[in-house]
Amino acid sequence: MKALCWEGVNRLAVERVPDPRIQNAHDVIVKVRYTTSCGSDLHLLDGYIPAMEAGDVIGHEFMGEVVEVGPEVTKHSVGDRVVVVSFIGCGSCWYCDNDLWSLCDNTNTNPGITQGLWGQDPGGIFGYSHAMGGFMGSHAEYVRVPFADHGAFTVPEEVDDLTALFASDGLPTGWMGAHLGGVGPGDTVAVWGAGGVGQMAAHAAMLLGAEQVVVIDRLPERLGMVQQHVGAETIDYTATDVGAELRERTGGRGPDVCIEAVGQESATNGPEYLYDKVKQQLRLENDRPIAMREAVMACRKGGSVFALGVFAGLVDKFPLGALMNKGLTLRGAQQHGQRYLPMLLDRLARGEISTSHLATHVMALDEGPRGYDMFKNKEDGCVRAVFQP
């Protein structure tokens, strides 16, 4: 089959790879209809995620049709239209039992790498390096889905394929950031990053009762999308002092909840961007925590900060003093999609959440390298490059 493969830093190619096959009784094989780029893929392309190997199939956000089922699969049959959660959960360990699915104890088949990096290993994920299990990704014609009764969800008839696609990762990730960040009725919420995950986090905050939601970015087309499809306020960080602007809009107090949806390659106009970029290029720090620093400094005393963007390693100049002395709560996670998908698919079916507008560029899988180039460089207003294998 055809697949989009990582061939080195900033090098992708469409290649022929072996078709996946059922390996375990709980597997299904899905014929991919749509698969999308994600901001976290850029960390793979740029070489900041360890344990990538030439020929690895990337992609972790997808939906499609079940074409083969293992003998112990009970919830799915050939022909089912499904969306698949990007993180793989076994459904039987302590973490899965407690709805912390991305922390599954049994699905990362290379736990030693992340145990060395982070002390313990999280669950496996499709197409996201051998540090996270080495699973073949979704930018391919077919994907093997382990533990399919827990990770694949039948798409309601009312939900079209393109809308369902973002229920694989972007939508539940955003929802989780607002939910576990503690957003409640009447809150003011600030979200750094107006990409797909940031937009979904902002929309989730509004549905959870936030009175005021502000999204921060620099790209006018993304800020316009926030205003049109989410209905949140926006701040262009190139035009103003974000901290001062947030204090102005909150009566001097600051946001109750701050969600960082940018991750390890964030940017700013200030000199700290050059400082962090140089240190990252020299591998003196793994991640550029510019937006995270800003979120900690902007958050009101006693508020909550959630790390929703992907970070991989060590950061420099983190304002730990502000975190402690302001009494902040800091939390982060990869998505626990299995926890949220039934509720989110119902909301999509009722039209409460829109996602398909994120698919700004839909193209054939053969155009994958061009799509990622547009996505990475944010050309032509690209929010997500979506591929049809």
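**Two domains, two sheets and the spaces inside**

Let's start with one pair of residues. A307 sits opposite G332, and G332 belongs to strand 16. Keep strand 16 in mind, as we will meet it again. One caution before we go on: this is a predicted model.

So where does A307 fit in? Look at strand 15, residues 304-307. Strand 15 and strand 16 run parallel, joined by four bridges. Here is the general point. Strands of a sheet pair through backbone hydrogen bonds, and the pairing is either parallel or antiparallel.

Now widen the view. How many strands form this open sheet? There are six, in the order 13-12-11-14-15-16, and the pairing is parallel. Why do strand 13 and strand 16 each have one side without a neighbour in the sheet? They stand at the edges, strand 13 being residues 233-236, and each has a single partner strand, so one side is left free of a neighbour. On average, neighbouring strands of this sheet are turned by 20° against each other, ignoring direction.

Helices next. Helix 6, residues 170-180, lies across strand 14, strand 15 and strand 16. Helix 6 runs at about 155° to strand 15. Helix 8, residues 220-230, lies across strand 12 and strand 13. The angle between helix 8 and strand 13 is about 170°.

Step back to the whole chain. It is divided into two parts: domain 1 is 2-169 + 335-387, and domain 2 is 171-332. Notice that domain 1 is written as two stretches. How far apart are the C-alpha centres of the two domains? They lie 25 Å apart. The domains do touch: 35 residues of domain 1 are in contact with 27 residues of domain 2.

Over to another sheet. This open sheet has three strands, in the order 2-1-4, with antiparallel pairing. Strand 2 (11-16) and strand 4 (56-57) are at its edges; each has a single partner strand, so one side of each lacks a neighbour in the sheet. Strand 1, residues 2-8, pairs with strand 4 over two bridges. W6 stands opposite D56 of strand 4. Helix 14, residues 368-377, packs on this sheet and touches strand 1 and strand 2. The direction of helix 14 makes about 155° with that of strand 2.

Now for the empty space. Rolling a probe the size of a water molecule over the atoms shows where space is left.

Take the second largest pocket. It holds about 910 Å³ of space. Its lining has 35 residues, and W118, F311, G332, A333 and Q334 lie nearest the centre. There is G332 again, the residue opposite A307. Which strand gives the largest share of this lining? Strand 16 does, with three residues. Helix 3 (111-118) also supplies at least two residues. Both domains take part: domain 1 and domain 2 each give at least three residues to the lining. By class, the lining has 23 nonpolar, eight polar and four charged residues.

Last stop, a cavity. The search of the whole structure finds one of 30 Å³ or more. The largest cavity holds about 40 Å³ of space. Its lining includes V84, V85, F87 and I88, along with F126 and Q338. Are there charged residues there, and how many? There are none: eight are nonpolar and three are polar.

That's the tour. Thanks, everyone.

Definitions and conventions: Residues numbered from 1 in each chain as written. Predicted model: local features only at pLDDT ≥ 70, side-chain atom pairs only at ≥ 80, totals over all residues. Heavy atoms only, no water. 1 Å grid on protein atoms, 1.4 Å probe; cavity = no way out; pocket = protein on both sides within 12 Å on 5 of 7 lines; lining within 4 Å. Points joined across faces, edges and corners; volume = space filled by probe spheres on them. Nonpolar A, V, L, I, M, F, W, Y, C, P; charged D, E, K, R; others polar. Domains from an automatic or database assignment. Pairing = 2+ DSSP bridges. Axes fitted to C-alpha atoms, helices over the stretch in contact; angles between N-to-C directions. Contact = heavy atoms within 4.5 Å.
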